[in-house]
Amino acid sequence: MRVLLLLFAGMLIGALVAFSAANALHQRNAWPRGVMNVLQHHLGELRRLQRRNDCAPAKTALHFQRLAQTGADIGPAFTDEKPDFHDQARRFVDASSRLGADVPQGCQALDQALQQTSDACESCHLHYR
């Protein structure tokens, strides 16, 4: 009985230590995941506006500006990546900044802008995901 109790206590302590270690490893990548999630949210909102044919510049401008602002955090969030990664991130930020400053007028222009933004995302994700 004593052996079973000690075995159970050892398994419980081992599970708690393993859970704690896994949680610590998961949290170390929180900032890069957070940056990508925010970018994904704003791109998703732009696509939602596009699907609803609600392409008013007043509504899309904020999302393009936030893409540029959050995109500026890609470099600091992914410090261990190659220089080409950071060049691609800069190109994404530049494209988003241009679109935030010169907001697409109308749905056709928004379609083109979203295609450019999606292409910038995909070019990086193809190589570094």
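1. A salt bridge is counted here where a side-chain nitrogen of Lys or Arg lies within 4 Å of a carboxyl oxygen of Asp or Glu. In this model, which is predicted, Asp-87 and Arg-90 meet that condition through their side chains, with 2.7 Å between N and O. The two residues belong to helix 5 and, because they are three residues apart there, they are separated by about one helical turn. In general, an α-helix has 3.6 residues a turn, so residues three or four places apart point the same way. Both partners are partly exposed: Asp-87 has a relative accessible area of 32%, and Arg-90 has one of 48%.

2. How many salt bridges does the structure hold? There are three, and another of them joins the side chains of Glu-45 and Arg-48, again at 2.7 Å from N to O. Glu-45 and Arg-48 lie three residues apart in helix 2, which means that about one helical turn separates them. Arg-48 is partly exposed, its relative accessible area being 29%.

3. A further salt bridge links Asp-54 with Lys-59, whose closest N and O atoms are 2.7 Å apart. Is Asp-54 buried or exposed? Asp-54 counts as buried because its relative accessibility is 16%, and the limit for a buried residue is under 20%. Its partner Lys-59, by contrast, is partly exposed, with a relative accessible area of 41%.

4. For the reader who wishes to step back to the whole chain, the architecture is helical, with six helices and zero strands, so that the order along the sequence reads α-α-α-α-α-α. The chain has a radius of gyration of 22 Å, whereas a compact globule of 129 residues would have one near 14 Å. Along the principal axes, the C-alpha atoms fill a box of roughly 75 × 35 × 20 Å.

5. Some totals for the chain complete that view. Buried residues account for 31% of the 129 residues, and the accessible surface comes to about 8,800 Å², with 59% of it belonging to carbon and sulfur atoms. When contacts between residues at least 6 apart in sequence are considered, 72% of them join residues that are at least 24 apart.

6. Helix 5 runs over residues 83-101, and its 19 residues reach 27 Å from the first C-alpha to the last, close to the 27 Å expected at 1.5 Å a residue. Its buried residues include Phe-85, Phe-92, Val-93 and Leu-99, together with polar ones such as His-86, Gln-88 and Ser-96. Which helices help to cover these buried residues? The cover includes helix 2 (30-51), helix 3 (57-71), helix 4 (74-77) and helix 6 (107-128).

7. Helix 3 has 15 residues, which at 1.5 Å a residue should span 21 Å, and the 20 Å between its end C-alpha atoms agrees with this. Among its buried residues are Thr-60, His-63, Phe-64 and Leu-67. The cover over the buried residues of helix 3 includes helix 2, helix 4, helix 5 and helix 6, while helix 3 is itself part of what covers the buried residues of helix 5.

8. Leu-110, in helix 6, deserves a separate point. Leu-110 counts as buried because its relative accessibility is 0%. Leaving aside residues up to four places away in sequence, Leu-110 touches Leu-46, Gln-50, Cys-55, Thr-60, Phe-64 and Pro-104. Of these, Thr-60 is 50 residues away from Leu-110 in sequence, yet the two C-alpha atoms are 8.5 Å apart in space. Thr-60 and Phe-64 are also among the buried residues of helix 3.

9. On the surface, Leu-4, Leu-7 and Met-11 form a nonpolar patch whose accessible area is about 340 Å² in total. Met-11 is found in helix 1, which covers residues 2-27. Met-11 counts as exposed because its relative accessibility is 55%, and exposed residues are those over 50%.

10. A last point concerns the backbone at Asn-53, in the loop between helix 2 and helix 3. What is unusual enough about the phi of Asn-53 to be listed here? The phi is positive, at about 55°, although Asn-53 is not a glycine. Asn-53 counts as exposed, because its relative accessibility is 59%.

Methods: Residues numbered from 1 in each chain as written. Predicted model: local features only at pLDDT ≥ 70, side-chain atom pairs only at ≥ 80, totals over all residues. Heavy atoms only, no water. Helix = DSSP H or I, 4+ residues; strand = E, 2+ residues; numbered from the N terminus. Expected span 1.5 Å × (residues − 1). Buried < 20%, exposed > 50% of the residue type's maximum accessible area, 1.4 Å probe, protein only. Contact = heavy atoms within 4.5 Å. Patch = residues over 30% accessible without salt bridge, like charges linked within 9 Å, V, L, I, M, F, W, Y side chains within 5 Å. Areas by Shrake-Rupley, 256 points an atom, 1.4 Å probe, with all protein chains shown as cover. Rg over C-alpha atoms; globule rule 2.2 N^0.38 Å.
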